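Thanks for asking me to look this one over. My comments follow as numbered points, so please keep the model open beside them.

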Amino acid sequence: MSWNEPPILRAGAIAAFDVICAGEARWDLSGPPALSADTAVSWRDVTASIPRVRPAGAAVMVALSLARRGLRVGLSASLGDDTVGRGLLERISAAGVDTAGVSLSAARSGLFLVQGMGAAAQVVSYRREEAPIVVPEGWSGQVLLLTGVSPVVGLAASFCKEARAARRTGTVVMIDINARRHVWMGHDPRVLGMVLREADVVRASSGDLATLGLEAGAVRAMARKGSVVVLSGATRVQVTGPFGEVAAEIPASGAAIAPSAAIGAGDAFTASACAALARTGPVGLERADVWHRLLPRAQGASLLGGARL
């Protein structure tokens with residue numbers, strides 16, 4: 001299948017996609033170090049120091065990246081029914097992503113977390129119960145990406161339900177753990193098992209493992225037998241599956257693209273994997289050559305600080 005050909009429309013479906021992305025959607029606030037009136041040499045310097053917002057959340061970033069490649073992409077997520085949420089919805093839709101699977105619910109309270117001097121700040125939303133993921137009943141896709149696994153029972157159960165439904169129709173299911181420290185604090189990471197057993201592909205970063213307090217072997221043990229497990233760190237990407245193991249070292253980055261202009265290296269790899277599996281279908285899960293071709297992309301994404309959006 002080429003990107004110019006329509007995706008397979010499965011029985012009972014009314015909309016077909018190359019990839020359906022489901023998970024967290026939010027804004028990120030980012031900007032360079034602030035300048036004082038004494039250090040600014042021009043009005044351009046002053047305006048360059050003003051923080052900027054951009055769409056964020058792994059499901060959103062992967063969806064936008066795939067849409068830019070010309071793939072047909074649908075997004076399932078929950079946004080606050082307020083000016084911020086509707087603004088994000090419009091931005092994503094304008095980029096060519098089908099947002100019919102996005103629901104608007106009661107607005108959430110938020111908090112700005114500033115990482116370092118002048119680095120990106122993150123708009124983190126909190127609510128007692130995260131809204132479950134619901135993929136529209138009439139949607140079908142070559143690949144379903146579920147990202148941002150949570151210990152909240154309702155959300156985890158919705159991941160399991162959507163993954164099972166997708167796999168019954170032959171859709172490849174990829175789960176990006178994407179663990180958030182504020183979400184998992186005080187929770188037993190073993191509850192991950194109920195979700196990971198439903199996936200064809202599991203991706204975890206070294207940051208995910210640190211957040212969850214797990215070793216790489218524990219993630220592999222939780223995954224379904226015969227699935228593909230991708231473990232990516234700052235210096236190495238390792239993929240294990242029915243084909244055995246493929247791995248690549250990631251060279252140290254020379255000059256990174258500013259965070260405000262880039263998709264993270266992990267999301268860039270996830271997008272590339274989704275695109276490859278949309279092309280190959282389930283057979284790609286058993287072919288080492290598919291994953292060998294993806295590893296240089298992981299290296300390149302890390303060297304560049306991500307792929308520009």
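1. Let me begin with Thr 99, which sits in strand E5 (residues 98–105). Is Thr 99 buried or exposed? Its relative accessibility is 15%, so Thr 99 counts as buried, the cut-off for that label being under 20%. Leaving aside residues up to four places away in sequence, Thr 99 touches Leu 75, Leu 89, Ile 92 and Ser 93. Please bear in mind, here and below, that this is a predicted model.

2. Next, the overall picture. The protein has 309 residues, and 49% of them count as buried. Its secondary structure comprises ten helices and 15 strands. Among the contacts with a separation of 6 or more, 72% are between residues 24 or more positions apart. The exposed area is about 14400 Å², with carbon and sulfur atoms supplying 56% of that area.

3. Now for the nonpolar interior. In soluble globular proteins, nonpolar side chains tend to be buried together. Here the largest nonpolar core has 46 residues, and the members that touch the most others are Cys 21, Leu 66, Leu 75, Val 239 and Trp 291. Which helix gives the most to this core? Helix H9 (residues 265–280) does, with eight residues. There is also a second, separate core of 36 residues, and Ile 20, Val 149, Leu 192 and Val 202 are among its members.

4. Val 239 deserves a closer look, being one of the core residues listed for touching the most other members. Not counting residues up to four places away in sequence, Val 239 touches Val 228, Val 229 and Val 230, then Gly 244, Glu 245 and Val 246, and finally Trp 291 and Leu 295. Trp 291 is itself on that list of core residues. As for Glu 245, its side chain meets that of Arg 236 in a salt bridge (3.8 Å, N to O). Arg 236 has a relative accessible area of 34%, so this residue is partly exposed. Glu 245 is partly exposed too, because its relative accessible area is 48%.

5. Strand E9 (residues 172–176) is my favourite element to inspect. Why can E9 be called largely enclosed by the rest of the structure? Five of its five residues are buried, so the rest of the structure largely encloses this strand. In a regular strand the side chains alternate between the two faces of the sheet. In E9, Val 172, Met 174 and Asp 176 are on one side, Val 173 and Ile 175 are on the other, and both faces are covered.

6. The neighbours of E9 are worth tracing as well. Strand E8 (residues 139–147) pairs with E9 in the parallel sense over five bridges, and in this pairing Thr 147 stands opposite Asp 176. E8, helix H4 (residues 153–168) and E9 together make a right-handed β-α-β unit. E9 also pairs with strand E10 (residues 201–205), again in the parallel sense, over three bridges. There, Asp 176 stands opposite Arg 203.

7. That brings me to the charges. Side chains of opposite charge can pair when their charged atoms come close. The structure holds 13 salt bridges. In one of them, Asp 176 pairs with Arg 203, the closest N and O atoms being 3.1 Å apart. Asp 176 belongs to strand E9 and Arg 203 to strand E10, so this pair ties together parts that are 27 residues apart in sequence. Both Asp 176 and Arg 203 are buried.

8. A further salt bridge joins Arg 180 and Glu 24, with the closest N and O atoms 3.4 Å apart. Where do the two partners sit? Arg 180 is in the loop between E9 and H5, and Glu 24 is in the loop between strand E1 (15–23) and strand E2 (26–30), which puts the two 156 residues apart. Glu 24 is partly exposed because its relative accessible area is 30%.

9. One last backbone detail concerns Asn 178, which is found in the loop between E9 and helix H5 (181–184). Asn 178 has a positive phi of about 45°, although this residue is not a glycine. With a relative accessibility of 16%, Asn 178 counts as buried.

Definitions and conventions:
Residues are numbered from 1 along each chain as its sequence is written. This is a predicted model: local features need pLDDT of at least 70, side-chain atom pairs count only at pLDDT 80 or more; totals for chains, interfaces and linings use all residues. Side-chain values use heavy atoms; hydrogens and water are left out. A nonpolar core is a set of buried Ala, Val, Leu, Ile, Met, Phe, Trp, Tyr and Cys residues joined through side-chain atoms within 4.5 Å. Buried means under 20% relative accessible area, exposed over 50%, partly exposed in between (1.4 Å probe, protein chains only). Helices (H or I, at least four residues) and strands (E, at least two) are DSSP runs, numbered from the N terminus. Contact means heavy atoms within 4.5 Å. Two strands pair if DSSP finds at least two bridges between them. A crossover is right-handed if, with the strands pointing away from the viewer, the path from the first strand over the helix to the second runs clockwise. Accessible areas come from the Shrake-Rupley method with a 1.4 Å probe; for residues, only the protein chains shown count as cover. A salt bridge is a side-chain nitrogen of Lys or Arg within 4 Å of a carboxyl oxygen of Asp or Glu.
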